[in-house]
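Colleague: I would like to go through this model and ask what stands behind each label. Shall we start with the ligand?

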Amino acid sequence: MTAGPGYAATPGAACVVRAASATYPVYIDWNALFDLGLRLREAGLTAQAYIVSDETVFAGYGKQVEAALAQADIPVASYTVPPGEASKSLDTAAAIYDWLIQRRAERGHVVVALGGGMVTDLAGYVAATYLRGLPLVHVPTSLLAMVDAAIGGKVAVNHPQAKNTIGAFYQPSLVLADVAALRSLPPRELTSGWAELIKHALILDPDLLAFLEERAGGVLRLEPEPTTEAIRRSVAIKAKIVSEDEREETGRRTVLNYGHTVAHAIEAATEYGRLPGQGFLHGEAVAIGMTAAAAVARRMGLLSADVEQRQRDLLERFGLPTRAEGVDRTAVLAAMALDKKVRAGAVRWVLLEDVGRTVLRDDVPQVVVEDALGEVLV
Ligand SMILES: NC(=O)c1ccc[n+]([C@@H]2O[C@H](COP(=O)([O-])OP(=O)(O)OC[C@H]3O[C@@H](n4cnc5c(N)ncnc54)[C@H](O)[C@@H]3O)[C@@H](O)[C@H]2O)c1
Ligand SMILES: [Zn+2]
């Protein structure tokens with residue numbers, strides 16, 4: 001295993017998150033699910049476990065996870081919700097509370113979130129609030145959840161009018177990602193997940209970027225060695241940043257928003273996929289957003305055209321969009337203006353000066369933004 005930011009000497013762990021409120025290992029391996037019972041035992045989590053999953057993920061992995069826990073003498077019960085963002089709601093959380101009460105869940109019992117980011121956010125929110133907090137184990141099964149949602153302790157459900165508005169910072173006791181589970185992920189979800197992984201390389205790790213360029217073929221084919229390595233290194237970066245700024249207080253965590261200024265505006269302008277023919281998965285919007293941010297940085301004289309091209313080539317190699325047709329540019333600008341108003345000030349851009357070197361700028365002229373958007377929204 002290559003050493004990188006955040007790697008630590010916990011046996012078997014890919015990295016350790018050292019947040020102010022908690023320190024926990026992240027295990028990332030091909031076929032890691034077989035070790036789940038052992039990892040819970042090592043962490044002292046041997047009381048009753050409650051698996052929360054979505055129906056799709058549970059159909060694929062539920063029995064295996066139940067067996068892994070049973071083998072370690074950990075009693076287990078399971079609850080599934082319909083797949084999809086609509087399940088990330090207070091209503092679903094309330095239904096899970098009902099189930100936990102009916103099962104007489106107690107302090108010290110463990111919630112195991114098995115699924116994509118919808119499940120890790122929902123089950124994490126339930127774990128954070130039920131009896132003021134049950135130990136939480138994240139078992140992310142989507143690429144987005146492995147490299148992003150399961151790391152860093154943000155948990156939430158959606159309000160009907162606003163995403164992720166009801167939530168908490170609540171760190172898990174451990175995270176275990178089985179890279180082999182990505183083989184059953186729908187291809188578009190997989191592609192979308194690469195965006196955040198590539199983002200981590202761009203903002204903080206030139207070595208990871210070079211690795212992705214060199215090993216793209218194997219990673220895209222989900223070969224165990226390069227895929228596991230890429231995910232470990234990407235997670236180590238997110239782990240390092242959230243360790244430095246758990247609650248988004250120092251501004252350190254802001255670099256993770258690279259590409260997100262425009263991505264969020266595109267998502268809002270296309271009504272989060274509700275407009276016919278215009279749905280973007282989050283990672284797709286982030287890829288377009290990073291391309292726009294690179295155009296802004298180049299126009300500001302911060303970033304060379306070569307690095308901009310390198311970013312574009314890599315995103316495209318991984319099957320991600322770097323431009324979009326038919327998105328209403330005015331609506332995107334309006335969404336950005338609204339965001340600015342909500343934040344009472346200027347739009348804070350995370351821009352690249354080079355691979356691994358970011359700068360925060362709140363003085364990007366409107367005309368630069370409009371020209372950059374003109375390049376990606378055609
Ligand atoms: N907490 C955070 O820091 C954070 C960060 C980023 C995103 N998120 C949240 O994550 C959510 C998106 O996560 P997501 O993209 O994983 O969505 P998701 O959980 O809805 O999963 C996407 C789809 O893939 C399926 N799936 C997942 N793993 C699978 C597997 N191994 N095999 C087959 N199918 C599988 C799911 O059933 C679902 O249909 C959003 O709610 C977002 O707000 C949270
Ligand atoms: Zn994101």
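Modeller: This is a predicted model. The shell around ligand 1 divides into ten nonpolar, ten polar and seven charged residues.

Colleague: How many residues surround ligand 1, and which are the closest?

Modeller: The shell holds 27 residues. G116, G117, M118, S142 and A149 are the closest.

Colleague: Which helices each supply at least two residues of that shell?

Modeller: Helix 2 (55–71), helix 4 (117–129) and helix 5 (143–149).

Colleague: Why is helix 3 called oblique to helix 4?

Modeller: Their axes come within 10 Å and cross at roughly 55 degrees. Oblique covers angles that are not under 35, not over 145 and not 65 to 115. Therefore helix 3 is oblique to helix 4. The crossing is right-handed.

Colleague: Which residues meet there?

Modeller: From helix 3, T92, A93, I96 and Y97. From helix 4, L122, Y125 and V126. The contact divides into six nonpolar residues, one polar and no charged.

Colleague: Now the sheet. What is the strand order?

Modeller: Seven strands run 1-2-9-6-5-3-4 in an open sheet with mixed pairing.

Colleague: What makes strand 1 (15–18) and strand 4 (76–81) edge strands?

Modeller: Each pairs on one side only. Pairing needs at least two bridges. Strand 1 has four to strand 2 (residues 23–29), and the two run antiparallel. One of the bridge partners is P25 in strand 2, opposite V16.

Colleague: What does helix 2 touch on the sheet?

Modeller: Helix 2 packs against strand 3 (49–54), strand 4, strand 5 (110–115) and strand 6 (136–140). Its direction makes about 160 degrees with that of strand 3.

Definitions and conventions:
Residues are numbered from 1 along each chain as its sequence is written. Chains are lettered from A and ligands numbered from 1 in the order in which they are written. This is a predicted model: local features need pLDDT of at least 70, side-chain atom pairs count only at pLDDT 80 or more; totals for chains, interfaces and linings use all residues. A residue is near a molecule or strand if its C-beta atom, placed from the backbone, lies within 6 Å of it. Ala, Val, Leu, Ile, Met, Phe, Trp, Tyr, Cys and Pro count as nonpolar, Asp, Glu, Lys and Arg as charged, and the others, Gly among them, as polar. Axes are lines fitted to C-alpha atoms, for helices over the stretch in contact, and angles run from 0 to 180 degrees between N-to-C directions. A crossing is left-handed if the near helix is turned anticlockwise from the far one by less than a right angle, and right-handed if clockwise. Two residues are in contact if their C-beta atoms, placed from the backbone, lie within 7 Å.
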